[in-house]
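I have opened my notebook and am going through this structure one spot at a time. Come along and keep the view beside you as you read.

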Amino acid sequence: FDFRGGRWSIGPVVDFTTKRGNRFTTTLQLGEQRDIGWDGQGYEALQVSKILYFGQTADFYDVGKFKKLENWLDVNIDIGHDKDSSWQGWPIPEANDPAEDKTSINIGSRAYFWESEDFHGGLLGKGDYAFGDHRIGVEAGPFIADKKDIWKAGLTFRNQSNSKYDTNNGNLVSIGVDLDIIKTIHAIMGWFKSAER
């Protein structure tokens, strides 16, 4: 059984930086999540959920042994959803195949504790909880980034448990890269300007 989907949201972001360089952002946005599911045997479903998104970040510099601490909290609140599903083309009443609450919470921290001339890095830790599924996710692992934090690459180990769908539980090892689009555009523009000289 497969579920695929996407989420978008739009709204204000308040960004505050202290004299020491510590940075705080608060985000409050409205959006939508669409999930399409199928099992390859005749079951198909489309769930559309209205989402209220709240995000909070807090970045601190030179905290004890840490060069930098990036902390975040993301909350997606399902404020209304519906679901259309069918079996081999026959509609399934929503009472028999209800929409699942898409409310979720994610909290994490990225701790930088080493640096060289061009790179810095440390450890990432985060956890998440999905209210509709009751799924609990915990992951951790090392990461490395360039000094301007344009990109971050890491290796994470994830454990997922408590899901009411047994196939969602288990362990996962993954390699990922985060790319800051705005910083990437600035870096490319700076490269072109220096090449013109």
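**Entry 1: Arg110 and its neighbours**

I began with the surroundings of Arg110, leaving aside residues up to four places away in sequence, and found that Arg110 touches Lys68, Leu69, Glu70, Trp72, Leu123, Leu124, Phe143, Lys152 and Asp178. A reminder to myself: this is a predicted model.

Next I looked up where Arg110 sits, and it belongs to strand S7. Is Arg110 buried or exposed? I noted it as buried, because its relative accessibility is 11% and the cut-off for buried is under 20%.

One of the neighbours deserved a second look. The side chains of Arg110 and Asp178 are joined by a polar contact of 3.2 Å.

**Entry 2: a nonpolar patch**

I then turned to the surface. Which residues make the nonpolar patch there? I listed Val63, Phe66, Phe113, Trp114, Phe119, Leu123 and Ile144, which together form a patch of about 560 Å². Two elements give two or more residues to this patch: strand S7, residues 104-115, and strand S8, residues 119-130.

I picked Phe119 from the patch for a closer check. Phe119 lies in strand S8. With a relative accessibility of 33%, Phe119 is classed as partly exposed. Leu123 turns up twice in my notes, as a member of the patch and as a residue that Arg110 touches.

**Entry 3: helix H1**

Now for the helix. H1 covers residues 181-196, so I counted 16 residues in it. From the first C-alpha to the last, H1 reaches 23 Å, close to the 22 Å expected at 1.5 Å a residue.

What happens at the start of H1? There I saw a side-chain oxygen of Asp180 reaching to within 3.2 Å of the backbone nitrogen of Ile182. Asp180 has another link on my page: its backbone oxygen is reached by the side chain of Thr184 at 2.7 Å.

Thr184 is part of helix H1. I marked Thr184 as buried because its relative accessible area is 19%, and buried means under 20%. Beyond residues up to four places away in sequence, Thr184 touches Ile150 and Leu179.

I also looked at Ile185, which is in helix H1 too. Ile185 has a relative accessible area of 41%, so I wrote it down as partly exposed. My last check was the spacing to Ile150: the C-alpha atoms of Ile185 and Ile150 are separated by 9.7 Å, and the two residues are 35 residues apart along the chain.

Conventions: Residues numbered from 1 in each chain as written. Predicted model: local features only at pLDDT ≥ 70, side-chain atom pairs only at ≥ 80, totals over all residues. Heavy atoms only, no water. Patch = residues over 30% accessible without salt bridge, like charges linked within 9 Å, V, L, I, M, F, W, Y side chains within 5 Å. Areas by Shrake-Rupley, 256 points an atom, 1.4 Å probe, with all protein chains shown as cover. Salt bridge = Lys/Arg side-chain N within 4 Å of Asp/Glu carboxyl O. Helix = DSSP H or I, 4+ residues; strand = E, 2+ residues; numbered from the N terminus. Buried < 20%, exposed > 50% of the residue type's maximum accessible area, 1.4 Å probe, protein only. Expected span 1.5 Å × (residues − 1). Polar contact = N/O pair within 3.5 Å; in protein donor to acceptor, adjacent residues only side chain to side chain. Contact = heavy atoms within 4.5 Å.
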